[in-house]
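I opened a new page for this model and kept my notes in the order in which I looked things up.

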Amino acid sequence: YAWDANEEYLFKAMVAFAMRRYSSKSTTQISNVLLCNVTDRVSFWFVVTDSSKNVTTVPGSVVEAAIRMNRNRINSAFLLSDKTLQFLKITSTLSPPVEPSTPVWLIVFGVVLCLIVAGIVFLIVSGIQKHKKKNKESTERENLEEKVEVTVTLENGLPCEVLDLKAGHINGVFPADDERFTSL
Amino acid sequence: LSATPEIPKEDGRPKWDNKFQYILSCIGFAVGLGNVWRFPYLCQIHGGGAFLIPYFIALVFEGIPLLHLELALGQCLRKGSIGAWNTISPYLGGVGVGSWVVSILVSLYYNTVLMWVMWYFINSFQEPLPWSVCPLNENRTGFNKECYESTAVNYFWYRKTLNITPDIAESGTLQWWLILCLATCWAIVYLCTIRGIETTGKAIYVTAIFPYLVLTIFLIQGLTLPGATDGLVYLFTPNLNTLKNPRVWLDAATQIFFSLSLAFGGLIAFSSYNPQKNDCEKDAVTVAVVNSVTSLYASIPVFSVLGFKATTAYWDCLDRNILSIINEFDLPEESIMRQNYTSWISFLNSSHPEKIAGVKLKSCDLQEFLDQSVSGTGLAFIVFTQAIILMPGSQAWAILFFIMLFSLGLSSMFGNIEGVFTPLLELQIVSKSTPKELLSGIICLISFLIALCFTLGSGSYWIDIFDRYAGSVPLLVIAFFEVIGVVYIYKIKRFSKDVKWMTGRKLNLYWQITWRFISPLLLLIVFMAFVTLQMLKPPSYAAWNPKYEGFPMKEEKVYPPWVQAICVLLAALPCVCVPLVALFHLIKQKRRSKDTSLVSPEVFSCQGAIS
């Protein structure tokens, strides 16, 4: 929006409002606020006069305190913020960022850690189960070796671990059943 | 049909589920954090596109031959690094032990870097991002002093994450939040390596492929950011004059060497799980080419984002100047914009020169902002995080970025851990009945406890030391002995026959020449140049000291003597294994030759290998 006489009027009204709220006396009028040295940059000086005390100006510290107390009302009247509407010599107190009671990163960390521990436990347990099954299988196999086994040489790529060369129909020279080869 | 030599003998050794898993593991091991944060930096400071020339030459004459050598060795001998070198010659067993020691040292500090990545990852779920705002000081009138003088991003990294001490001699305390992250990282590594390649083989599908997806997303996003083209042009504009500087060639050679993760023993371990009849030549070329292409591919989004950041900083600088001018001259708002800034400046300079001088404008130069090059952790945790704040939807970008870094590092950790794990399994210091889960658990637990010293206040200084001394010089030495050992002690004729048996093709002239002469020579030159450069100036480090006058610049300090001794120890320990083990065997042989007659060493070759 453009800065014109109406906006200046609003500004005077806001300053008067701030003074009224701060000192809680209803004597400050819009005519008490004087603007001077208005530039195109939209920057100006202003003073507040006290009509009850014969045209003296209200001390700067009082005006500063009043403005500071009502800063957010003044800002929102002009749709501006602390950064875009600057009062020289009035620094704003900064609000700290909102901190939740438990830091967020701790929550995320907890989730990640739970997933990992669950994964580790699952893998260890499945490893133990596989180990037990392998032990049971090897004891079962030792029991079965007494019986005559059917040849399984029909499978290709037979692992040569159990060299049960019962393939007597291939190596006809060697006696078939009695020979037991040690597994590699 | 008794067992012919063609049927692979089952020796109970674990094997890869399929060839793709093996290739992916090698690629994942080679492609690591260095591809993202070191290669683009080198490209930038060494003349952009011109750097690709020495890089490509180093790849062809050093990278690919050494890679092929390691893969062929592991595949032929079917053993981890220690066992393999012991088989070639007991005098060379030290090479394997050296690789093993380097793998341990590097695993320790590499996982600590991942710990930082994890810390940033779990902090990325907040709004606003914690590294985007400075915390307030006690009376809430302004920002924390340390943060205000540097930047919010720097403050979060140096104070909130590292809680860094101003000097390496001051250890500070253990940071509990870092300990939690370190425990998580080692738990993740344990989860993935719990049963050796059975589990890493499954995990690698995710950790090796995911970074490429994220890089593509960042590529698309990065190219749409304003200023991205400036960054890319800056990166790739070739400046052929830099090739006259020998430093450029040295950097290219070392970058290729360390980027391919050679001499760690991890590649030997990976290929030892292969069937012997496998084309290792094609594998080597594939892995090396993919690694280099990934480096190039990663540098595009990195430099788009850096260009964006430089442009934003340049605009901020301009805006601040414009504000000062408008305030000083009381001009209306929006009279000076970025586009007509220069014309306004010249006009004001001619009309009111004293007033302009009184405003004390900062010189805003886009080139200057682009020149601020960073590599390593600075790139990821300071520069990139700052750029992410400026992007819309910063939480999502931060989360994606840090998961990508984590996957890149994790897949390299798999290789490191395999380099430690596989030789231990074969050394027979553990009985056969000990489950693998227990062994990997012990390794991870011990590494976690030792790595706790990196969570101290001075931890990041120590990681720099490990990176500079344990992860550089010993690798060059070990690789040199690897090549010499295979070519001149095992004899290249035997090795050629083995490779021919494995791949089915004769070794062509390229491999013969590079293995025999070029690679060892290159390694020797690189080693000597590297050591000379290190010794030129006393080793120093840059400390973050809030009380320093030049703060936020870092303070240059020299390492105290006891730290320098540790540096030398770290670099010398793996190297000294090589002569020590040779000496040990020599003594053993001398003592044995006194009792019995000298047994001639058995002729060993791949075809008859049974592990």
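Entry 1. In which helix of chain B does S259(B) lie? I found S259(B) in helix α12, which covers residues 246–259 of chain B. I note here that the model is a predicted one.

I then asked whether S259(B) is buried or exposed. The relative accessible area of S259(B) is 7%. Buried means under 20%, so S259(B), at 7%, is buried. Next I listed what S259(B) touches, leaving aside neighbours within four places in sequence. The contacts of S259(B) are A30(B), N35(B) and N291(B).

Entry 2. I looked up S259(B) in the UniProt record. The unreviewed entry lists S259(B) under "binding site", along with G28(B), A30(B), V31(B), N35(B), N291(B), L408(B) and S412(B). I wanted to know how these listed residues sit in space. They are spread over 385 residues of sequence, yet they cluster, and the largest C-alpha distance is 12.4 Å. I also checked the second largest cavity: among the listed residues, its lining includes V31(B), N35(B) and L408(B).

Entry 3. I moved to S412(B), another residue on the UniProt list. S412(B) belongs to helix α19 of chain B, residues 394–426. Its relative accessibility is 4%, so S412(B) counts as buried. Not counting residues up to four places away in sequence, S412(B) touches G28(B), F29(B), V31(B), G32(B) and Y110(B). Of these contacts, I had already written down G28(B) and V31(B) from the UniProt list.

Entry 4. I looked at one strand residue of chain B. K557(B) lies in strand β2, residues 555–558. Is K557(B) buried or exposed? The relative accessibility of K557(B) is 14%, so K557(B) counts as buried. Leaving aside neighbours within four places in sequence, K557(B) is in contact with P166(B), D167(B), S540(B), Y541(B) and A543(B).

Entry 5. I turned to chain A. How many helices and strands does chain A have? I counted 4 helices and 3 strands. From the N terminus on, their order is α-β-β-β-α-α-α. Chain A has 184 residues, and buried residues make up 21% of them. Chain A exposes about 13600 Å², with carbon and sulfur atoms supplying 59% of that area. For contacts in chain A with a separation of 6 or more, 35% are between residues 24 or more positions apart.

Entry 6. I went through helix α1 of chain A, residues 5–23. The helix has 19 residues, and from its first C-alpha to its last it reaches 27 Å, close to the 27 Å expected at 1.5 Å a residue. At the N-terminal end, D4(A) acts as a cap on α1(A): a side-chain oxygen of D4(A) lies 3.3 Å from the backbone nitrogen of N6(A). Just after α1(A), S24(A) takes a positive phi of about 45°.

Which residues of α1(A) are buried? I wrote down E7(A), F11(A), M14(A), V15(A), A16(A), A18(A) and M19(A). The cover over these buried residues includes β1 (33–36), β2 (45–50), α2 (60–69) and α3 (71–77) of chain A.

Entry 7. My last lookup was again in UniProt. The unreviewed entry gives residues 104–128 of chain A as a "transmembrane region". In the model this span is 100% helix and 0% strand, and its end C-alpha atoms lie 37 Å apart.

Note on methods. Residues are numbered from 1 along each chain as its sequence is written. Chains are lettered from A and ligands numbered from 1 in the order in which they are written. This is a predicted model: local features need pLDDT of at least 70, side-chain atom pairs count only at pLDDT 80 or more; totals for chains, interfaces and linings use all residues. Side-chain values use heavy atoms; hydrogens and water are left out. UniProt positions are given in the numbering used here, feature names are shortened, and annotations may be inferred rather than shown by experiment. On a 1 Å grid over the protein atoms alone, a cavity is a set of points where a 1.4 Å probe fits but cannot get out, and a pocket is an open set with protein on both sides within 12 Å along at least five of seven lines; lining residues have an atom within 4 Å of a point. Helices (H or I, at least four residues) and strands (E, at least two) are DSSP runs, numbered from the N terminus. Buried means under 20% relative accessible area, exposed over 50%, partly exposed in between (1.4 Å probe, protein chains only). Contact means heavy atoms within 4.5 Å. Accessible areas come from the Shrake-Rupley method with a 1.4 Å probe; for residues, only the protein chains shown count as cover. The expected span of a helix is 1.5 Å times one less than its number of residues. A polar contact is a pair of N or O atoms within 3.5 Å; within protein, one must be able to donate a hydrogen and the other to accept it, and residues adjacent in sequence count only if both atoms are side-chain atoms.
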